[in-house]
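The structure below is best followed with the sequence at hand. The paragraphs after it go through buried charges, sheet pairing, backbone exceptions and a surface patch.

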Amino acid sequence: DPLTGVWTIGTLNYAASALMNLTVLVNTTGDSNNTVSVTGNEYDPDRTNNNAISVLNAVSADLSIQKTVDRPVINNGETATFTVTVRNAGPDTPSNVIVTDLLPAGLSIISYTVTQGTFSEATRTWNVGSLPALFQATLTLFVRATQAGFQTNIVNVSSELPDPMPQDNVDAVTVDVRPSADVKITKTVSNTAPDFGETVVFYITVTNLGPDTATVVRTVDGLPAGLIYQSHVASAGVYFPEFYVWTVDSLAPGASETLNLTALVDATGELINTVSVTATEYDPDMTNNYAAAVINGRPLADIAVQKTVLLTPIKNGQSTNFTVTVTNNGPNDATGVAVTDILPAALTIVSSEASQGTFAGGVWTVGNLANGSSATLVLEVLANAAGIFTNYVNASADQYDPYISNNNATAVLTVNPS
């Protein structure tokens, strides 16, 4: 009878035995004495063997484990710190406490520390050792995310002693690893020193250095004043010239796409063309999201020349004057201005007078000529033969000249016989 604790055997013959197996729940620790006694209706000549005692020494350790993370949401490639704490609520002290940390494949260990025991990276097992009642030990794991997605980390603790509350021997924490993509941009130009009115090609390359796929890759190339859009060629995506925006839907890790942008140089001096790139995903390195190409539009000067004759016709043996006027129509100052004036053999120079520079050997070295200014050369010539003579003159400068049609001029002198 489990309520009274009495086992009624009934008749037990001489030399016979009866057996009862009693299963009990241990709900305390320490020594427990279980006493049993037997009696019968007949006289018992030896009562010393009518009683027996069984001593049960019950031990247990209520272990619990907790795992936390400092950053539950990170980007792929970033780091987080897990803290694992194991506690012993007692009452006894286990000597072989083992913690298994099932770190997911998307997280890799950078470093770790333990307050006691040893940790094996290979097996992800922490051998805590002995943990007295009411004590705790801590494992700290510094990890890096290597894969996007929800990464769940499970830990469990066990020892050689029974645990009266095993439900708190397991814990888990989940880290939300968001995708990341390091998009990089480079930019070069076909000609760094173009002339005014020339076209140049800007070569733009966008590369995804990973680790994840980049989506909605957006490149902005705002052409500065002085550069006029002409055309483009994109290896992928769509370029909107009215907004200077190039979009590529998706760019796999390690992949690159290119945009060749042709522009007209409509100014002189330094022109800086900058470009930037972004994507939907987190970018771990923003230093390579910008690039620039610098061109120096070479100065230009529209040099124009005119030549007139003072008196025509004249008689052989008489003299007259040729006037040469060189003008800089800009827009920049001109340097190295030179005018070549080769007289026909029938005309001999008597004298020359220049408003600036020097004249020698048929070349008038004007030198510098500011934007909008002019210089003149007057040549007095003597006719030594009769005929009709055309005098050609040509002007040039160091700067690019957008209109070379006005760089030449002529004057016709008629010499009559005398």
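**Buried charges and paired strands**

Lys 67 counts as buried, because its relative accessibility is 4% and the limit for that class is under 20%. The model is a predicted one. The partner of this lysine is Asp 101: the two form a salt bridge in which the closest N and O atoms are 2.7 Å apart. Lys 67 belongs to strand β3 (residues 61-69) and Asp 101 to strand β6 (residues 97-102), so the pair links distant parts of the chain, 34 residues apart. Asp 101 is buried too, with a relative accessible area of 2%. Side chains of opposite charge can pair when their charged atoms come close.

How many salt bridges does a search of the whole structure find? The search finds six. Besides the pair just described, two others are worth following through the chain.

One of them joins Lys 187 to Asp 221, with 2.5 Å between the closest N and O atoms. Lys 187 sits in strand β13 (residues 181-189) and Asp 221 in strand β15, so this salt bridge ties together parts that are 34 residues apart in sequence. Strand β15 covers residues 214-221. Are the two side chains buried or exposed? Lys 187 has a relative accessible area of 8% and is buried, and Asp 221, at 1%, is buried as well. The side chain of Asp 221 also has a further polar partner, since besides its 2.5 Å polar contact with the side chain of Lys 187 there is a polar contact of 2.7 Å with the side chain of Asn 273.

The other salt bridge is formed by Asp 341 and Lys 307, whose closest N and O atoms are 2.4 Å apart. Asp 341 is in strand β25 and Lys 307 in strand β22, so here again the pair ties together parts 34 residues apart in sequence. Both residues are buried.

Asp 341 also leads to the pairing of strands. Strand β25 (residues 334-342) pairs with strand β30 (residues 387-396) in the antiparallel sense, over five bridges. Within β30, the residue opposite Asp 341 is Val 393. Strand β30 is in turn joined to strand β31 (residues 408-416) by eight bridges, and these two strands run antiparallel. Thr 390 has Val 412 of β31 as its bridge partner. Strands of a sheet pair through backbone hydrogen bonds, either parallel or antiparallel.

Strand β6, which carries Asp 101, is part of an open sheet. Which order do the six strands of that sheet take? The order is β4-β12-β11-β6-β9-β8, and the pairing is mixed. The edges are β4 (73-75) and β8 (118-120); each has a single partner strand, so one side of each is left without a neighbour in the sheet. From one strand to the next the twist averages 20°. At the β4 edge, three bridges join β4 to strand β12 (residues 170-178), and the two run parallel. One of the pairings there is that of Asn 75 with Arg 178 in β12.

The backbone has some exceptions to note. Thr 312 and Pro 313 are joined by a cis peptide bond, with omega about 5°. Pro 313 lies in the loop between β22 (301-309) and β23 (314-315). A cis peptide bond is also present between Gly 330 and Pro 331, where omega is about 10°. In this case the proline is placed in a strand, β24 (residues 319-331).

Positive phi values occur in residues other than glycine. For Tyr 244, phi is near 60°; the residue is found in the loop between β17 (238-240) and β18 (245-251). With a relative accessible area of 27%, Tyr 244 is partly exposed. For Ala 15, phi is near 70°, and the residue belongs to the segment before β1. Ala 15 is exposed, with a relative accessible area of 71%.

That segment also contains Ile 9, which precedes β1 (30-37). Ile 9 is partly exposed, at a relative accessible area of 37%. Together with Trp 7, Leu 12, Met 20 and Leu 22, Ile 9 forms a nonpolar patch on the surface, and the accessible area of the five residues together is about 490 Å².

Note on methods:
Residues numbered from 1 in each chain as written. Predicted model: local features only at pLDDT ≥ 70, side-chain atom pairs only at ≥ 80, totals over all residues. Heavy atoms only, no water. Pairing = 2+ DSSP bridges. Helix = DSSP H or I, 4+ residues; strand = E, 2+ residues; numbered from the N terminus. Axes fitted to C-alpha atoms, helices over the stretch in contact; angles between N-to-C directions. Patch = residues over 30% accessible without salt bridge, like charges linked within 9 Å, V, L, I, M, F, W, Y side chains within 5 Å. Areas by Shrake-Rupley, 256 points an atom, 1.4 Å probe, with all protein chains shown as cover. Salt bridge = Lys/Arg side-chain N within 4 Å of Asp/Glu carboxyl O. Buried < 20%, exposed > 50% of the residue type's maximum accessible area, 1.4 Å probe, protein only. Polar contact = N/O pair within 3.5 Å; in protein donor to acceptor, adjacent residues only side chain to side chain.
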